[in-house]
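Morning, everyone. I have one structure to show, and I will keep it short.

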Amino acid sequence: MYKEILHQFTIKCVICKKDMKRKHSNQKYCEECAPKRAVQLKRKWKRDHYIKQYSTRVCPICANIFNTRLPRKMYCSTECQIKQQRITRYEKQIMRLQLEIRRLRGENIGSM
Ligand SMILES: [Zn+2]
Ligand SMILES: [Zn+2]
C-alpha cells in the first residue's frame, strides 16, 4: 500500500532513468534533464522547419532571386508576402463580383 502511494509521487526520468519526485502530472524529466530536453526539442524544431542547404527561389511577386532555408518561404520579403495576401484578397473580391454580375444577368450559377 505504501509502495503504491510512493509510486504516484516518484517517477523515473525518461532520459537518465533516475527516480525523482513528481511535481506536476505530465512531468517526464528530472530537473537536470528538463533543460537539456528543451534544447533537444528546439533542435528538432529547427531540423523539421529548416532545410539543410539554402535553396534558391524566385519570388513570384517581384521576380527577385533569393536564398532560404525555410521550406515554406515563398516570397523574398515580408513586403512581397503582404502584396500576395492583398492579391489573394482582391482575387476573391473579383470572383465574388463576377458571380454577382452573372447573377444580375440572370445566369444560372447554381447553388454555391
Ligand atoms: Zn534526468
Ligand atoms: Zn519579392
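I will go through a hairpin, a loop residue and a helix.

Before the details, one caution: this is a predicted model.

Start with the hairpin. Strand E3 covers residues 55–58, and strand E4 covers residues 65–68. The two run antiparallel, joined by four bridges. Take one pairing as an example: Val-58 has Ile-65 in E4 as its bridge partner. Between the two strands sit six residues.

Now look into that turn. Which residue in the turn has a positive phi? That is Ala-63, at about 65°. Why do we care about the sign? Most residues other than glycine have a negative phi. Ala-63 is not a glycine, yet its phi is positive. Is Ala-63 buried or exposed? Exposed: 9 other C-beta atoms lie within 10 Å, and the cut-off for exposed is 12 or fewer.

Next, Lys-17. This residue is in the loop between strand E1, 10–12, and strand E2, 19–21. Lys-17 is not a glycine either, and its phi is positive, about 60°. Lys-17 counts as exposed because it has 9 C-beta neighbours inside 10 Å.

Last, helix H3, residues 78–104. How far should its 27 residues span? At 1.5 Å a residue, the expected figure is 39 Å. The end C-alpha atoms are 39 Å apart, so the two agree. And how many of the 27 residues are buried? Zero, so H3 lies largely in the open. Just after H3 comes Gly-106, with a positive phi of about 80°.

That's my tour. Over to you.

Key:
Residues are numbered from 1 along each chain as its sequence is written. Chains are lettered from A and ligands numbered from 1 in the order in which they are written. This is a predicted model: local features need pLDDT of at least 70, side-chain atom pairs count only at pLDDT 80 or more; totals for chains, interfaces and linings use all residues. Two strands pair if DSSP finds at least two bridges between them. The expected span of a helix is 1.5 Å times one less than its number of residues. A residue is buried if 20 or more other C-beta atoms lie within 10 Å of its own, exposed if 12 or fewer, and partly exposed in between; C-beta atoms are placed from the backbone.
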